[in-house]
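Got your viewer open? Here's a short walk through the model, one selection at a time.

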Amino acid sequence: NAMQPMDAIRFREVRFLAPVVILLLLATPPPGQASPTVDGVRIGVVIDGPSETNAEILALFQREITALLEGEFDARFPADKIATADWDRASVTAALERLLTDDEVDLVLAIGFMASCLATLEEDLPKPVVAPFAVSTLMRDLPMTDGVSGVRNLTYLAVPDLILRDLRAFEEVVAFERLAFLYHRPIAEAFPDASRRSKDRVREALDIDLYPVPAHDSADEAL
């Protein structure tokens, strides 16, 4: 099975992300409605590719969102509106576009790293999109105006400079000048500039040479 970054997700991370989705649901009425009603909101989901952990991660989001919205209105996740792409930019883009143009979807939740990042590239979104796994700003620039995305209907979460924080912590344990690190090959292929930008920024900030090693299906390809 393919390795994916979200395999490491923890309950507390989903518990942090779910309220963001809920706030957007409450603040943004579905098309044709003045406010959320008992009719509910239909949430479409984009996942980067097949993985044995997809069902668990989706269930975490569904559980937290449903529990927090209990008594307010019904958040629905129709099975036919859960789009699983094929670990490449073209298929993830196609999945996003399908849900964005689907009249039976009120909000799109991009719970893949590629899906989140590609959603942040959109300049004209016809419906609300939540991108909870946008890549660190160390790797790419994200749209931002006055502390928000500045793009209508786009909400994303990104923690800046986590890589720099971790590298500084490593340096306190042992001094080093060169570092090889594994990261997901599909992300490398979908965003080819991300590796170069990361290397340049880490070298500038910490004077460390970074050697990204993409991997996907097995550890052997990275060794």
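Start with strands S4 and S5, which pair in the parallel sense over 2 bridges. Keep in mind as you click around that this is a predicted model. To see the register, pick Val-108: opposite this residue, in S5, stands Val-129. Now add helix H4 to the selection, and you have a β-α-β unit built from S4, H4 and S5, right-handed in its crossover.

Swing over to strand S1, residues 41–47. S1 also pairs with S4, again in the parallel sense, this time over 4 bridges. Click Val-46 and look across to S4 for its bridge partner, Ala-110.

Stay on S4 and show its side chains. In a regular strand, side chains alternate between the two faces of the sheet. Here Leu-107 and Leu-109 sit on one side, Val-108 and Ala-110 on the other, and all four are buried, so both faces of S4 are covered.

What does Val-46 touch, leaving aside residues up to four places away in sequence? Its contacts include Val-92, Ala-95 and Leu-96, plus Val-108, Leu-109 and Ala-110. Val-46 is also among the residues with the most contacts inside the largest nonpolar core, along with Val-92, Val-108, Met-114 and Phe-191. That core has 27 residues. Colour helix H3 (89–100), S4, H4, S5, strand S6 (154–156) and helix H6 (185–190): these are the elements giving two or more residues to it. Then select Val-45, Ile-65, Phe-73 and Leu-109, which are included in a second, separate core of 17 residues.

Next, the charged pairs. The whole structure has 9 salt bridges. Three to zoom in on:

- Asp-74 and Arg-76, with the closest N and O atoms 2.9 Å apart. Asp-74 is partly exposed at 32% relative accessibility, and so is Arg-76 at 39%.
- Arg-165 and Asp-166, at 3.0 Å from N to O. Arg-165 counts as exposed at 52%, while Asp-166 is partly exposed at 30%.
- Arg-196 and Asp-200, at 3.5 Å from N to O. They lie 4 residues apart in helix H7 (residues 192–206), so about one helical turn separates them. Arg-196 is partly exposed at 45%, as is Asp-200 at 36%.

After those, select Asp-80, Lys-81, Asp-102 and Glu-104, joined into one network by salt bridges that share partners.

Finally, zoom out to the protein chain, with its 7 helices and 8 strands. Of its 223 residues, 46% are buried. The chain exposes about 11800 Å², with carbon and sulfur atoms supplying 53% of that.

How values were computed:
Residues are numbered from 1 along each chain as its sequence is written. This is a predicted model: local features need pLDDT of at least 70, side-chain atom pairs count only at pLDDT 80 or more; totals for chains, interfaces and linings use all residues. Side-chain values use heavy atoms; hydrogens and water are left out. A nonpolar core is a set of buried Ala, Val, Leu, Ile, Met, Phe, Trp, Tyr and Cys residues joined through side-chain atoms within 4.5 Å. Buried means under 20% relative accessible area, exposed over 50%, partly exposed in between (1.4 Å probe, protein chains only). Contact means heavy atoms within 4.5 Å. Accessible areas come from the Shrake-Rupley method with a 1.4 Å probe; for residues, only the protein chains shown count as cover. Two strands pair if DSSP finds at least two bridges between them. A crossover is right-handed if, with the strands pointing away from the viewer, the path from the first strand over the helix to the second runs clockwise. A salt bridge is a side-chain nitrogen of Lys or Arg within 4 Å of a carboxyl oxygen of Asp or Glu.
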